[in-house]
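User: Please teach me how to read the side-chain features of a protein model, giving the general idea of each feature and then the case at hand.

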Amino acid sequence: MIYLSLGSNLGNKEANIQRAYELIEQRIGPIKRRSSLYRTAPWGFSSPNEFLNSAIAIETSLSPRELLIATQEIEQIVGRKGKTDDSGYQDRIIDIDILYYNDLVINEPDLVIPHPLINKRDFVLKPLKEIYD
C-alpha cells in the first residue's frame, strides 16, 4: 500500500484537498482509505493560517519516481506555485508528500521514502494512524 499526506493552509483548504483527491484518483490510482481532516498549526514556520491535513492510502501502477512527478503536477494544478526551498517552509495551497511506498526504501536527493520526518510530525502521524493497517 502507498500512503500520502496532504495539507493546505491557503484559500478554501477543504476544497483544495478535495480537488487533490479527485486528481489523485484520475492520474494516480484509487484511494482505498482516507483519514478525517485534521486542523493543525503550521510546523517549521510561523503563519496565522492553520492547516487542514489528511492521509490517504492508494494503489497505483506508477513507479515511485512517476508518483513523485504526478503528485508535483497535481500540486501545480491545484494552485501551488513552488516547492519549499532553502529559505524554509511557507504557506501553501496544497502539499502532497509520499510517506510510504509499499516496503521500499529510497534515498535519492529529491526522493526519500519512507518520508524522513514522519515521526516528528503529529499532523502526519494522527491521520496516518487512522488509516494505517
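## Reading charges, rings and a helix

Analyst: Let us begin with a network of salt bridges, which links Arg 65, Glu 108 and Asp 110. A salt bridge here is a side-chain nitrogen of Lys or Arg within 4 Å of a carboxyl oxygen of Asp or Glu, and by this rule the count comes to eight salt bridges. The model is a predicted one, in which local features need pLDDT of at least 70 and side-chain atom pairs count only at pLDDT 80 or more, while totals for chains, interfaces and linings use all residues. Residues are numbered from 1 along each chain as its sequence is written, and side-chain values use heavy atoms, with hydrogens and water left out.

User: Within that network, how far apart are the closest N and O atoms of Asp 110 and Arg 65?

Analyst: In the salt bridge between Asp 110 and Arg 65, the closest N and O atoms are 2.7 Å apart. The two residues belong to distant parts of the chain, Asp 110 lying in the loop between strand E6 (106-108) and strand E7 (111-113) and Arg 65 in helix H2, 45 residues apart. These element names refer to DSSP runs numbered from the N terminus, helices being H or I with at least four residues and strands E with at least two. For solvent exposure, buried means under 20% relative accessible area, exposed over 50%, and partly exposed in between (1.4 Å probe, protein chains only). Asp 110 is partly exposed because its relative accessible area is 47%, and Arg 65, at 29%, is likewise partly exposed.

User: Which other salt bridge has side chains that meet at 3.7 Å, N to O, with Arg 92 as a partner, and are Asp 95 and Arg 92 buried or exposed?

Analyst: The partner of Arg 92 is Asp 95, with 3.7 Å from N to O. Asp 95 counts as buried at 12% relative accessibility, and Arg 92 counts as buried at 9%. A salt bridge within a helix is that of Glu 22 and Arg 19, with an N to O distance of 3.7 Å. These two residues are three apart in helix H1 (residues 13-27), so they are separated by about one helical turn. Glu 22 is partly exposed at 36% relative accessibility, and Arg 19 is partly exposed at 35%.

User: What describes a pair of aromatic rings, and how many such pairs does the structure hold?

Analyst: An aromatic pair is described by the distance of the centres and the angle of the planes. Rings of Phe, Tyr and Trp (its six-membered ring) pair if their centres lie within 6.5 Å, and planes under 30 degrees apart count as stacked, over 60 as edge-to-face and the rest as tilted. The structure holds three aromatic pairs. For Tyr 3 and Tyr 100 the ring centres are 6.4 Å apart and the planes stand at 90 degrees, so this pair is edge-to-face. It joins distant parts of the chain, with Tyr 3 in strand E1 (residues 2-8) and Tyr 100 in strand E5 (residues 95-101), 97 residues apart. Tyr 3 is buried at 3% relative accessibility, whereas Tyr 100 is partly exposed at 24%. Tyr 3 also forms a tilted pair with Tyr 132, at 5.0 Å centre to centre and 35 degrees between the planes. Because Tyr 3 lies in strand E1 and Tyr 132 in the segment after helix H3 (122-131), this pair ties together parts that are 129 residues apart in sequence. Tyr 132 is partly exposed, its relative accessible area being 46%. Ring pairs thus link Tyr 3, Tyr 100 and Tyr 132 into a cluster.

User: Which residues of H1 are buried, and which charged side chain there has no salt bridge?

Analyst: The buried residues in H1 are Lys 13, Asn 16, Ile 17, Ala 20, Tyr 21, Leu 23 and Ile 24. Lys 13 has no salt bridge although it is buried, and the nearest side chain of opposite charge, Glu 50, is 4.6 Å away; in assigning charge, Lys and Arg count as positive and Asp and Glu as negative, while His and the chain ends are not counted. Taking contact as heavy atoms within 4.5 Å, Lys 13 touches Ser 8, Glu 50 and Leu 52, not counting residues up to four places away in sequence. The buried residues of H1 are covered by elements including E1, strand E2 (31-34), strand E4 (51-58), H2 and E5.
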